[in-house]
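Here is a short report on side-chain pairing and nonpolar packing. Look over the sequence and the structure before reading on.

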Amino acid sequence: MRTALVLGALLVIVYSPAGLAQSDEQATRQQLDALGQEIESLTQRLSTTGEARDSAERELREVETELADTHQRLDALQAERRQLDDEMNQLRQHRDRLEDEQASQYAALSQQLAALYRLGPTPQLKLLLNQGDPAELDRMQAYLNRFTQARNERLADIARLDTALADTEQALNERQTRLASVTTELDAQRVRLAERSSDRRNVVATLDDRYGSEADRLADLNDNREQAERKLREIQEELARLDAPTPSTQITRTQGDLPWPVQGAITTTFNRRDGVHYNGIVIQASAGTQVNAVHTGRVVFADWMRGFGNLLIIDHGDQIMTLYAHLQQFSVRPGQQVSRGDEIGRVGDSGGQSSNALYFEVRQSGKPINPQRWIARR
């Protein structure tokens with residue numbers, strides 16, 4: 001029933017008059033949001049994806065998951081610090097403008113008071129005692145009234161500027177206090193990052209030491225791939241059970257023209273006969289390089305998986321999914337809608353890899369297909 005509602009809403013948006021399109025579009029968006037919540041719930045059911053065989057692999061998953069969280073926290077803190085710096089610069093510029101305006105108002109008031117002093121202590125009485133021309137007397141009285149009004153306006157402006165300056169100084173002090181707190185937390189997170197990075201190196205060394213030969217290592221890699229295939233089939237089956245599938249994004253029309261998820265040299269091609277990289281390509285890139293979605297879709301998985309490390313999967317509809325593995329961190333969450341070119345993560349070496357790179361895979365109806373047939377030629 002939900003599938004019918006989603007498809008029906010999409011058809012209404014396309015074919016209905018403009019007066020009804022807006023409400024139907026809102027109904028469709030609600031249906032898609034509900035789909036996102038379903039996918040997020042699905043991911044929670046699939047959260048135990050590690051299936052580590054020994055304590056070293058369990059520790060690797062724990063360390064790399066914490067590292068991803070730490071990187072995300074560092075990025076959030078650095079972004080907040082940049083925002084605080086910008087806000088403080090704007091507040092300082094605003095304060096300088098207020099101080100300049102205040103100085104200008106004080107100078108004008110000083111001139112007015114000097115002119116009033118020259119008139120003496122009782123200028124109105126002097127006008128009456130002069131007993132001059134009544135018209136001249138009225139004109140002078142009008143000038144005096146305007147002078148008094150202008151002086152009062154200056155005083156009011158100065159009071160307003162004093163209040164604005166006090167508010168600006170308070171806001172600036174609050175930003176400075178928060179900046180100091182963010183800086184302290186940044187330092188603590190960097191220390192934690194260094195400690196956990198050292199722990200990861202020790203765990204990876206422990207995992208490498210257990211191989212008696214290259215054949216043992218390849219057998220373990222192939223076992224990782226088979227375990228990953230089982231888990232990916234489980235994800236595919238769970239997605240098929242959703243009440244409403246991801247709507248079509250017309251990704252099949254973009255075959256051969258998709259952007260690269262990250263720029264770099266391909267170090268492993270499709271159909272390599274050993275290890276977890278058998279079904280996709282490996283693109284070499286520096287740690288922390290931004291990874292982008294190649295097409296519009298919805299994130300259906302973002303978790304650690306044995307052999308792949310931090311793995312993210314996007315469902316594009318039409319039975320097409322793209323996979324991004326060995327990520328340093330995630331920039332999106334399960335259930336979230338993404339557009340072509342959106343940042344979804346950062347390049348890393350999770351999964352116990354010895355170098356930083358992105359593993360990229362395309363699947364159609366659950367089966368891996370050559371990604372180089374989908375991404376654009378360079």
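## Salt bridges in the helices

Asp187 forms a salt bridge with Arg190, with the closest N and O atoms 3.6 Å apart. This is a predicted model. Asp187 and Arg190 both sit in helix H5, 3 residues apart, so about one helical turn separates them. Asp187 is partly exposed, at 42% relative accessible area. Arg190 is also partly exposed, at 36%.

Salt bridges that share partners also build a network. Its members are Glu66, Arg192, Arg196 and Asp199.

How many salt bridges does a search of the whole structure find? The search finds 15. Among them is the bridge between Arg200 and Glu64, at 2.9 Å from N to O. Arg200 belongs to helix H5, which covers residues 134-209, and Glu64 belongs to helix H3, residues 55-119; the pair therefore ties together parts that are 136 residues apart in sequence. Are these two partners buried or exposed? Arg200 counts as buried because its relative accessibility is 8%, under the 20% cut-off. Glu64 is buried as well, with a relative accessible area of 2%.

Arg95 and Glu169 form another salt bridge, at 3.2 Å from N to O. Arg95 is in helix H3 and Glu169 is in helix H5, so this pair ties together parts 74 residues apart in sequence. Glu169 counts as partly exposed, at 28% relative accessibility.

The table sets out these three bridges.

| Pair | N to O distance |
|---|---|
| Arg200 and Glu64 | 2.9 Å |
| Arg95 and Glu169 | 3.2 Å |
| Asp187 and Arg190 | 3.6 Å |

## Aromatic pairs

The next topic is rings. A search of the whole structure finds 2 aromatic pairs. Phe308 and Tyr359 form a tilted pair, 5.5 Å centre to centre, with 45° between the planes. Phe308 lies in the loop between strand S4 (297-305) and strand S5 (309-315), while Tyr359 lies in strand S9 (residues 357-364), so the pair ties together parts 51 residues apart in sequence. Phe308 and Tyr359 are buried.

Tyr324 and Phe360 form a tilted pair too. Their ring centres are 5.4 Å apart, and the planes meet at 50°. Which strands does this pair link? Tyr324 is in strand S6 (residues 320-330) and Phe360 is in strand S9, 36 residues apart. Both residues are buried.

## Nonpolar cores

Tyr324 appears again in the packing. The largest nonpolar core has 27 residues, and those with the most contacts inside it are Leu312, Ile314, Tyr324 and Ile344. Which elements give two or more residues to this core? They are strand S2 (281-284), S4, S5, S6, strand S8 (343-347) and S9. Strand S6 gives the most, with 4 residues.

Ile344 shows the packing at one position. Leaving aside neighbours within four places in sequence, Ile344 is in contact with Val291, Asn292, Ala293, Leu312, Ile314, Tyr324, Phe330, Ser331, Val332 and Val338. Leu312, Ile314 and Tyr324 are thus on two lists: they are contacts of Ile344, and they are among the residues with the most contacts inside the core.

Apart from this core lies another, of 17 residues. Its members include Val300, Leu323, Ala325 and Tyr359. Tyr359 is also the ring partner of Phe308.

Technical notes. Residues numbered from 1 in each chain as written. Predicted model: local features only at pLDDT ≥ 70, side-chain atom pairs only at ≥ 80, totals over all residues. Heavy atoms only, no water. Salt bridge = Lys/Arg side-chain N within 4 Å of Asp/Glu carboxyl O. Buried < 20%, exposed > 50% of the residue type's maximum accessible area, 1.4 Å probe, protein only. Phe/Tyr/Trp six-rings, centres within 6.5 Å; stacked < 30°, edge-to-face > 60°. Core = buried A, V, L, I, M, F, W, Y, C linked by side-chain atoms within 4.5 Å. Contact = heavy atoms within 4.5 Å.
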